[in-house]
Amino acid sequence: MKYNIEKIKEIGKLLAEIVEEALAGEKQEDIRIADIEMGVRESLREVGQSAMKYYLENADQEVGSEIDCKCGGKLKYQRWRTATLWSVFGKMSYERAYYAGCACGKGCAILDERYGIEPGKVTAGLAQLLALSGIDKSFEEGQEWLKAFLLFEVSENTIRAETQVLGELQRKAEEEWVAEMHSEVGLQKREQTVFPQAPDRLYGSIDAAKVRIEPRAKQGEKEEVEEDWRDMKIVCWYEGELVPNRQRSVRQKKKAQREGTVFRAKNKQYACDIAEAEQFGKLLWASGCSVFADRAQELVFVCDGATWIWKLVSHYYPNAVQIVDWYHAEEHLERIAEEAFSDLGERQPWLEKITEALWQGNVECVIDACQRISKKSVLAKQALTYFNNNKERMRYAQFRTAEYLIGSGVIESGCKQIVSRRLKLPGAQWNLDGAILTAKARCVWLSGRWQELVSKRSHLPLAI
C-alpha cells in the first residue's frame, strides 16, 4: 500500500501535541525517552482504533432495502447494528448495516462478509501475531509477552486457539497432499503439469523426538490417566551448499581440516506428525512430492540407523542414496571402546584405528573388530547387527568423494527447534491434538512459509 506522506506528517504533529499535553503535568527533568515512546505508542493504539472504526463504518455507505441470501431467498435491511472485534489495536466496536428476515432464519452483514470479520472474534491480523507467540512460547508466557507489545491483554485460551487454527489449516493442507499424491488421478495430473525445475541434488532426513501427552479422563471417570510419551516424527527436506572460508565457524574450520570441504543445509522444509510409521510414510511421500523429491536428479537420505526410517525410505524412494549419519556411527564405536577397555592405553589406539576404518568406509574391518571383542563387550555384540544391516549406508569414503553431506545434524536441530524448544517447555502439558497442531504450525514458520499459511487464515469463511 502507498500512503500520503504529507498527511502522515500532519498526523505525526498532532500526535506529538497529544503526547506533550499528556506529559504536561510531569517535571521536564523527570521525562525520559521511554516516557515519550510509551505516550506515542498508547496514542497510536487509540488512533488505530478510531481509524478502524471510521474506515469500517464509512465503507458501508450503500444500504439497499434487501439483498440475496446464500440459501436463495431474500434478506431485508433491519438496522445499523453494533458489533465488536479484537484487532491489533485492541477491542473495538463499530456499526454496520444488518440484514435478516429470510425464511432460513439467518442474518447477514455485508461489511463483515466483505472484510472477513467474525464479530466477537480476533481479526486475521491479530490472529497471526497470537499464533507467532503460540509457536514460540508457552501460552502463559505469551500472554505477558504480547501484553508488553500490544498494550492490551489477550487470554491464554485465545492464543492457544489461534495457534491451533493455523495448525489445523496446515493439517488439512497436508491431508489434501496425501490424498492427491496417493490417488491415480492426482499422480496422472502431476505428470501432465509443468513444474519449476527440480533441484539437482535434494536431501531428506527423518527422526523422532518424544513428546509428553497427558490423556484426560472422560467425564464421570474417577481414575487418573497416566501420561504417555509419544514420538513426534519429523522429516526435513533440504539442499546443500558449500560454506565459504570466511563464513566458517571454529567448529566448521576444524571439520574442514579433516573433510576438506564443509557443506551446510539450505531451503529447509519440515513436516511432522504423531503417527504410526505407516501413516507417517504417506506424509513423507506427499511432502516429498511438494518439494519435487520424486523429480530430483539425485535424492539422498541421511538419517540414523532406526529400522523404521529405512523401511519407509526404501518403500517410497527406492532409488535414493542412503547414508547413516556419520556421527551416530562414530558414537557407537566410542561407547564400545569405553565398555570394552578400562585401560586408556588400550582403548585409545583401538578406537583411533577402527574409527579411521569406518571413515574410509571399510565396514567389514569394523565388524571384524567388534566380533573379536564381543565376548567382553555387550555393546560390541549388539553393534554387529547395526553395522551389518547398514554396511552399504556407511561407505563414507565414497560418499565424501561424491561430495554428499554425511551428517544428519539438520534433522537433530529440527527436533530441538520443533519439540524441545516448544513442546518440552517447563510445565508444558499437551493433549494429542494440541501438540500436533502447535508443532505443525511451528514447522511452517521454520520452513519460511508463514505468510502462505496466514493468508489461508485470512480467507477462512465466516462462522454461520
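User: Which helix holds E162?
Analyst: This is a predicted model: local features need pLDDT of at least 70, side-chain atom pairs count only at pLDDT 80 or more, and totals for chains, interfaces and linings use all residues. Residues are numbered from 1 along each chain as its sequence is written, and side-chain values use heavy atoms, leaving out hydrogens and water. Helices (H or I, at least four residues) and strands (E, at least two) are DSSP runs, numbered from the N terminus. The run from 156 to 181 contains E162 and is helix α6.

User: Does E162 count as buried or exposed?
Analyst: Buried means under 20% relative accessible area, exposed over 50%, partly exposed in between (1.4 Å probe, protein chains only). E162 has 11% relative accessibility, so E162 counts as buried.

User: Which residues is E162 in contact with, leaving aside neighbours within four places in sequence?
Analyst: Contact means heavy atoms within 4.5 Å. With those sequence neighbours set aside, the partners of E162 are V122, A127, L130, A131 and R457.

User: How far apart are the end C-alpha atoms of helix α12?
Analyst: The expected span of a helix is 1.5 Å times one less than its number of residues. Helix α12 covers residues 344-359, 16 residues, and should span 22 Å. The model agrees, with its end C-alpha atoms separated by 22 Å.

User: Which residue caps the N-terminal end of α12?
Analyst: A polar contact is a pair of N or O atoms within 3.5 Å; within protein, one must be able to donate a hydrogen and the other to accept it, and residues adjacent in sequence count only if both atoms are side-chain atoms. At this helix end, the backbone nitrogen of G345 lies 2.8 Å from a side-chain oxygen. That oxygen belongs to the capping residue, D343.

User: Which helices do the buried residues of α12 pack against?
Analyst: The buried set consists of R347, W350, L351, I354, T355, A357, L358 and W359. Their packing partners are α8 (250-259), α11 (326-340), α13 (363-372), α14 (378-389) and α15 (396-401).

User: Which backbone oxygen does the side chain of T355 reach?
Analyst: T355 sits in helix α12. With a relative accessible area of 10%, T355 is buried. Beyond four places in sequence, T355 touches R258, W326, E330 and L333. Its side chain makes a 2.7 Å approach to the backbone oxygen of L351.

User: What phi does G361 take?
Analyst: G361 comes just after α12. Its phi is positive, at about 80°.

User: What is the strand order in the open sheet of five strands?
Analyst: Two strands pair if DSSP finds at least two bridges between them. Pairing in this sheet is mixed. Its edge strands, each pairing on one side only, are β6 (263-273) and β8 (321-324). The order is β6-β5-β4-β7-β8.

User: Which residue is the bridge partner of W237 in β6?
Analyst: Strand β5 (residues 228-242) and β6 pair in the antiparallel sense, over nine bridges. The partner of W237 in β6 is Q269.

User: Which residue in β8 is the bridge partner of V302?
Analyst: Five of the six residues of β7 are buried. β7 is joined to β4 by four bridges, in parallel. β7 also pairs with β8 in the parallel sense, over four bridges. The partner of V302 in β8 is I323.

User: At what angle does helix α10 run to β4?
Analyst: Axes are lines fitted to C-alpha atoms, for helices over the stretch in contact, and angles run from 0 to 180 degrees between N-to-C directions. Helix α10 (residues 307-316) lies across β4 (201-213), β5, β7 (298-303) and β8. Its angle to β4 is about 140°.

User: Which residues touch the most other members of the largest nonpolar core?
Analyst: A nonpolar core is a set of buried Ala, Val, Leu, Ile, Met, Phe, Trp, Tyr and Cys residues joined through side-chain atoms within 4.5 Å. The largest one has 93 residues. Those touching the most other members are W237, F301, Y317, F387 and Y396.

User: How many bridges join strand β2 to β3?
Analyst: These strands belong to an open sheet of three strands, ordered β1-β2-β3 with antiparallel pairing. S87 stands opposite G90 in β3. Strand β2 covers residues 74-87, and the bridges joining β2 to β3 number eleven.
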